[in-house]
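Welcome, and please load the model in your viewer. This tour goes stop by stop, telling you what to select and what you will find there.

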Amino acid sequence: MRPKASKPKPMNWSEPPVNPRALLVKDVKFRWAKAAQPVLDIPEFAVRAGERVLIKGASGSGKTTLLNLLAGVVLPSYGLVEVAGVALNDLGGASRDKFRADHIGFVFQLFNLLPYLSIVENVILPCRFSRARRTRAIARSPSLAEEAQRLVSHMGLDISRDGLRSVAELSIGQQQRVAAARALIGAPELIIADEPTSALDSESRDQFLSLLFEEAEANGITVLAVSHDEAMMRVFSRVVSLNDINHVTV
Amino acid sequence: MPILRLALASLINRKTTAALTVLSIALSVALLLSVERMRAGAKQGFANTISGTDLIVGARSGQVQLLLFSVFRIGNATNSITWQSYQQFANDRNVAWTIPMSLGDSHRGYRVLGTTGAYFEHFRYGRKQPLELADGVPFDDLFDAVLGAEVATALGYSVGDPIVVAHGLGSEGFLRHEETPFRVAGILAPTGTPVDRTVHVSLQAIEAIHVDWRSGARIPGMTTAAEVLRKMELKPKSITAFLVGLESRFAVFGLQRSINEYRGEPLLAILPGVALQELWSLISTAEIALSAITVCVVASGLIGMTVMLLAGLRERRREMAVLRSIGAQPRHIFTLMVSEAVGLTLAGCVVGLALTFAAMTLVAPLIEARLGLHLAMGGITIWDAKLLALVIASGTIAGFLPAALAVRQSIADGTTVRT
């Protein structure tokens with residue numbers, strides 16, 4: 001087999017048409033069913049395609065709710081949520097789930113991986129729910145497993161060399177790398193990272209983010225991270241404080 | 001189908017709890033299938049105890065009681081039939097054959113039946129199968145005995161051995177007819193019916209062993225030697241029952257009526273099929289109770305599975321959130337949980353079936369030898385398949401509860417779980 005280039009070149013013909021706006025939140029108010037006050041009131045928040053945006057905010061400031069809105073898991077009481085040019089409000093529940101599978105990759109703070117699947121199977125998982133991402137992943141490598149291995153090794157983890165198979169054998173830092181590879185596979189338009197590095201030390205945090213951005217940039221993926229970690233700010237192209245965009249008076 | 005792979009991987013990951021759950025379902029399924037087989041075997045064996053006989057006649061009592069002592073060798077006759085009455089019906093023009101039966105003695109716990117050669121000629125069981133001798137001949141001499149297969153095996157007799165017949169019924173009855181030793185003339189092939197547990201002698205022999213006895217007690221000082229007995233003219237004065245075979249089955253109700261209305265003495269004629277049915281309906285209460293118990297055992301196995309799946313939900317909230325973030329829809333979560341339930345139930349059924357076959361192979365010969373129950377072996381019967389389908393359907397439904405809860409939980413959690 002031909003050895004692969006260490007830095008894969010983007011394959012323009014297989015990329016989705018570039019939408020100048022990856023994300024738009026407009027006039028959004030969100031209130032939990034039994035709450036009197038809304039937790040979110042965002043007049044406007046937009047992210048351009050290819051941007052790397054960090055939203056910072058203390059816990060309890062509505063970060064989780066915002067992420068669930070962007071993921072289409074919940075719908076706003078008022079206003080518009082648009083991802084990759086599609087208004088999530090217009091989609092039914094199952095269509096939003098399908099949309100999420102096709103267009104969004106997730107990285108969580110901890111416990112990203114299913115303990116009963118191998119590392120490669122964990123990375124491939126989004127391709128099992130999204131034909132679009134499977135097609136793009138296979139366009140990149142001969143097989144899904146090879147694409148998974150390529151992404152994992154790009155994230156700085158050589159599973160074939162270390163003989164790693166089970167998720168249980170991984171350190172937290174290694175788990176985050178696998179999670180990033182899973183978010184990247186099949187090149188979704190948007191990666192949402194919820195406190196992706198708060199379980200990592202500063203050195204591996206910087207390395208993790210630069211590798212993630214490198215691969216995201218190569219595929220035109222927009223990255224939106226949420227964190228209260230000030231140290232992360234310098235590597236992002238834009239830092240937004242949730243308090244600045246959210247007009248809820250607490 | 002990615003969900004099925006996930007369900008399988010998830011179950012394998014929890015192999016200890018999953019294996020125990022499968023085992024408990026398997027045991028309950030094995031119990032269900034075995035009991036059903038025993039039930040079918042018992043019912044079949046029951047119906048097979050007698051065939052080809054049109055009427056059973058005894059002194060007036062209940063039809064079940066008459067059936068029990070004449071066919072199953074259980075209990076006692078309340079009264080006897082005089083030889084004259086017997087002769088009268090035996091010579092009826094519609095009657096093709098009769099088998100007189102004289103019961104009341106035993107040999108080491110096995111009933112002794114006094115009868116005639118007609119027994120070996122006309123008695124039928126199962127699908128009208130005649131009795132066959134595995135060894136020896138039917139009785140010839142006064143003190144010849146023909147043993148049922150089980151008697152011979154259990155007591156280790158072979159043709160030519162002497163045996164002693166006891167008066168009354170205990171296994172170690174102290175009233176023994178020691179002076180009149182019998183000789184094993186023949187041994188019958190196994191039938192799976194009470195015939196296997198019977199010692200057959202001639203009616204004359206029954207008379208002979210009672211020559212020195214009156215009212216169940218020995219006449220003091222009176223001992224008649226075997227040789228003397230052989231020369232005596234032993235004419236039976238009474239019998240306890242007789243089986244009737246007719247020339248034409250159309251005559252059966254007429255003869256039954258004339259026997260039941262006989263003025264000479266109170267008699268009862270019963271149709272074996274009807275009496276068997278009545279007896280079975282008595283027993284079937286126990287049978288239904290047994291089935292109900294096995295159904296409860298299966299239900300508890302499936303409830304155990306539901307508990308296992310429910311207990312796992314809390315620690316799987318993260319897993320569900322990850323699946324939702326990747327694009328799994330609520331119906332995928334539902335399918336995942338139900339697939340796990342179906343997988344566990346299916347595995348339980350397969351293991352249970354294997355256990356049943358293993359148990360049947362090991363135990364069936366023992367049961368056949370001890371209880372005379374012939375258990376159907378061979379492959380999966382249609383009834384088995386129906387039962388298994390029912391278990392799998394129940395297991396699927398049992399999976400709906402944890403599946404519904406998992407869906408509710410995952411919708412509430414979304415893609416993020418605060419742990």
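Begin in chain A by selecting strand S7: Leu190(A), Ile192(A) and Asp194(A) point one way from it, Ile191(A) and Ala193(A) point the other way, and all are buried. Strands here are DSSP runs of E of at least two residues, helices are runs of H or I of at least four, and both are numbered from the N terminus. Buried means that 20 or more other C-beta atoms lie within 10 Å of the residue's own; with 12 or fewer a residue is exposed, in between it is partly exposed, and the C-beta atoms are placed from the backbone. In a regular strand, side chains alternate between the two faces of the sheet.

Before moving on, a word about what you are looking at. This is a predicted model, in which local features need pLDDT of at least 70 and side-chain atom pairs count only at pLDDT 80 or more, while totals for chains, interfaces and linings use all residues. Residues are numbered from 1 along each chain as its sequence is written, and chains are lettered from A and ligands numbered from 1 in the order in which they are written.

**Stop 1: the neighbours of S7 in chain A**

Keep S7(A), residues 190-194, on screen; 5 of its 5 residues are buried. Now add strand S6 (residues 104-107) of chain A, which pairs with S7(A) in the parallel sense over 4 bridges. Two strands count as paired if DSSP finds at least two bridges between them. To find one of these bridges, click Val107(A), whose partner in S7(A) is Ala193(A).

Next add strand S8 (residues 222-227) of chain A, joined to S7(A) by 5 bridges and also running parallel to it. Here Ile191(A) stands opposite Val223(A).

**Stop 2: an antiparallel sheet in chain A**

Which order do the strands of the open sheet of 4 strands take? The order is S2-S1-S4-S5 in chain A, with antiparallel pairing. Strand S2 (40-48) and strand S5 (86-87) are the edge strands, each pairing on one side only. Select strand S1 (residues 21-30) and strand S4 (residues 78-83) of chain A to see an antiparallel pair joined by 5 bridges. Within that sheet, Lys29(A) of chain A faces Tyr78(A) in S4(A). Then bring in helix H1 (residues 63-70) of chain A, which packs on the sheet and touches S1, S2 and S4, its direction making about 120 degrees with that of S1(A). Angles run from 0 to 180 degrees between N-to-C directions, and axes are lines fitted to C-alpha atoms, for helices over the stretch in contact.

**Stop 3: two helices in chain A**

Select helix H3 (residues 119-129) and helix H7 (residues 172-184) of chain A: they pack at about 35 degrees, with their axes 7 Å apart. From H3(A), the contact uses Ile119(A), Asn122(A), Val123(A), Leu125(A) and Pro126(A), and from H7(A) it uses Val178(A), Ala181(A) and Arg182(A). Residues are in contact if their C-beta atoms, placed from the backbone, lie within 7 Å.

**Stop 4: where chain A meets chain B**

Show both chains now. Their contact takes 24 residues from chain A and 17 residues from chain B. On the side of chain A, the elements giving two or more residues are H1, helix H2 (93-103) and H3. The largest share there, 5 residues, comes from H2(A).

**Stop 5: chain B**

Chain B has 13 helices and 17 strands, and buried residues make up 39% of its 419 residues. Select strand S16 (residues 241-246) of chain B together with strand S1 (residues 55-59) of chain B: they pair in the antiparallel sense over 4 bridges. Leu55(B) stands opposite Val244(B). S16(B) is also joined to S3(B), by 6 bridges and again antiparallel; Pro100(B) has Phe242(B) as its bridge partner there.

Follow the chain from strand S3 (95-107) into the loop before strand S4 (110-115) to reach Arg108(B). Its phi is near 45 degrees, a positive value in a residue other than glycine. Most residues other than glycine have a negative phi.

**Last stop: the start of chain A**

Finish by selecting residues 1-15 of chain A, where pLDDT stays under 50. pLDDT is the predictor's confidence in each residue, from 0 to 100. Where it is low, the predicted coordinates should not be read in detail. For chain A as a whole, the mean pLDDT is 81, and 90% of the residues reach 70 or more.

Note on methods. Contact = placed C-beta atoms within 7 Å.
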